[in-house]
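User: Please take a close look at a single part of this structure. I should like one connected account of it and its surroundings.

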Amino acid sequence: MTGAFLYRLLGHTARILLATIALAGCAQSDETRDPERYVIPEDYVGSFHIVFGIQSGEPPLTEDGTRIYQIPDSGVLLSKGGPNPGRTASDKIRFLYDGENGDLQPITGRWTTSLHDTSDNRADGKTYVFGGGISEIQPVRHCNIYSKSFYVGTKSQALEQVNYFEIYSDQGIGAIPESVFLESCNERSTD
């Protein structure tokens with residue numbers, strides 16, 4: 001066997017091995033997360049964020065096994081609870097506007113890919129929820145916290161960035177005293 005042939009054979013075998021390991025990992029990560037319900041203030045348009053593991057935050061709410069996130073007018077919910085790991089079917093995640101007298105109005109539009117500035121998107125008057133991935137943030141040095149970020153509004157509002165704000169902005173975690181994060185990180189480090 002020549003060196004070039006052996007090199008190609010080893011490369012091919014390594015790719016097959018890596019693909020097998022990746023598939024096995026996927027098969028073992030079937031942890032399903034709890035259903036979720038996000039209750040957003042009526043007519044709210046803009047970014048909203050959930051920051052998890054905050055000692056002075058809101059206690060976790062559940063109803064019939066569903067996690068409920070009641071988003072405040074500020075758009076930033078500080079939650080004592082942790083993130084909801086795993087995968088779930090899209091029909092187990094609901095977004096609702098909190099209407100008058102507690103009437104909940106479903107938001108059925110969901111957009112999880114890139115949004116392009118087209119005339120069709122600008123003309124679409126339906127309300128959507130954009131985003132939703134869990135990320136790890138560091139609000140203060142050596143203090144890692146999990147958060148989840150969304151945007152709610154029409155495609156045109158999203159393109160115009162109406163009430164859009166980043167988690168690190170003064171409207172996001174910049175409005176929260178450092179002591180809130182330090183207390184939460186210190187609590188976790190003593191567990």
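Analyst: **An aromatic pair, its sheet and the pockets**

Tyr128 and Phe130 are both buried (under 20% relative accessible area with a 1.4 Å probe, protein chains only). The model is predicted, with pLDDT of at least 70 required for local features and 80 or more for side-chain atom pairs, while totals for chains, interfaces and linings use all residues. Residues are numbered from 1 along each chain as its sequence is written, and side-chain values use heavy atoms, without hydrogens and water.

There are 10 aromatic pairs (ring centres of Phe, Tyr or the six-membered ring of Trp within 6.5 Å) in the structure. One of them joins Tyr128 to Phe130, with 6.0 Å between centres and 45 degrees between planes; this arrangement is tilted, being neither stacked (under 30 degrees) nor edge-to-face (over 60).

The strand β9 spans 128-140, strands being DSSP runs of E of at least two residues, numbered from the N terminus. β9 belongs to an open sheet of 5 strands in the order β5-β2-β10-β9-β8, with mixed pairing (at least two DSSP bridges between two strands). β5 (76-78) and β8 form the edges, each pairing on one side only. From one strand to the next, the twist averages 30 degrees, with axes fitted to C-alpha atoms and angles running from 0 to 180 degrees between N-to-C directions. The pairing of β8 with β9 is parallel and comprises 3 bridges; Val129 in β9 is the bridge partner of Arg110.

The largest pocket (an open set of points on a 1 Å grid, with protein on both sides within 12 Å along at least five of seven lines) has a volume, the space filled by 1.4 Å probe spheres set on the points, of about 270 Å³. It is lined by 19 residues (an atom within 4 Å of a point), and Ser90, Ile93, Arg94, Phe95 and Arg110 are the closest to its centre. β9 provides the largest share of this lining, 4 residues. By type, the lining comprises 7 nonpolar residues (Ala, Val, Leu, Ile, Met, Phe, Trp, Tyr, Cys, Pro), 5 charged (Asp, Glu, Lys, Arg) and 7 polar (the others, Gly among them).

The second largest pocket holds about 220 Å³. Among its 13 lining residues, Ser47, Ser149, Phe150, Tyr151 and Tyr164 are the closest to the centre. β2 (46-51), β9 and β10 each give two or more residues to this lining, and the largest share, 3 residues, comes from β10.

Phe95 and Phe150 belong to one aromatic cluster, together with Tyr38, Phe48, Phe52 and Tyr69.

Notes:
Buried < 20%, exposed > 50% of the residue type's maximum accessible area, 1.4 Å probe, protein only.
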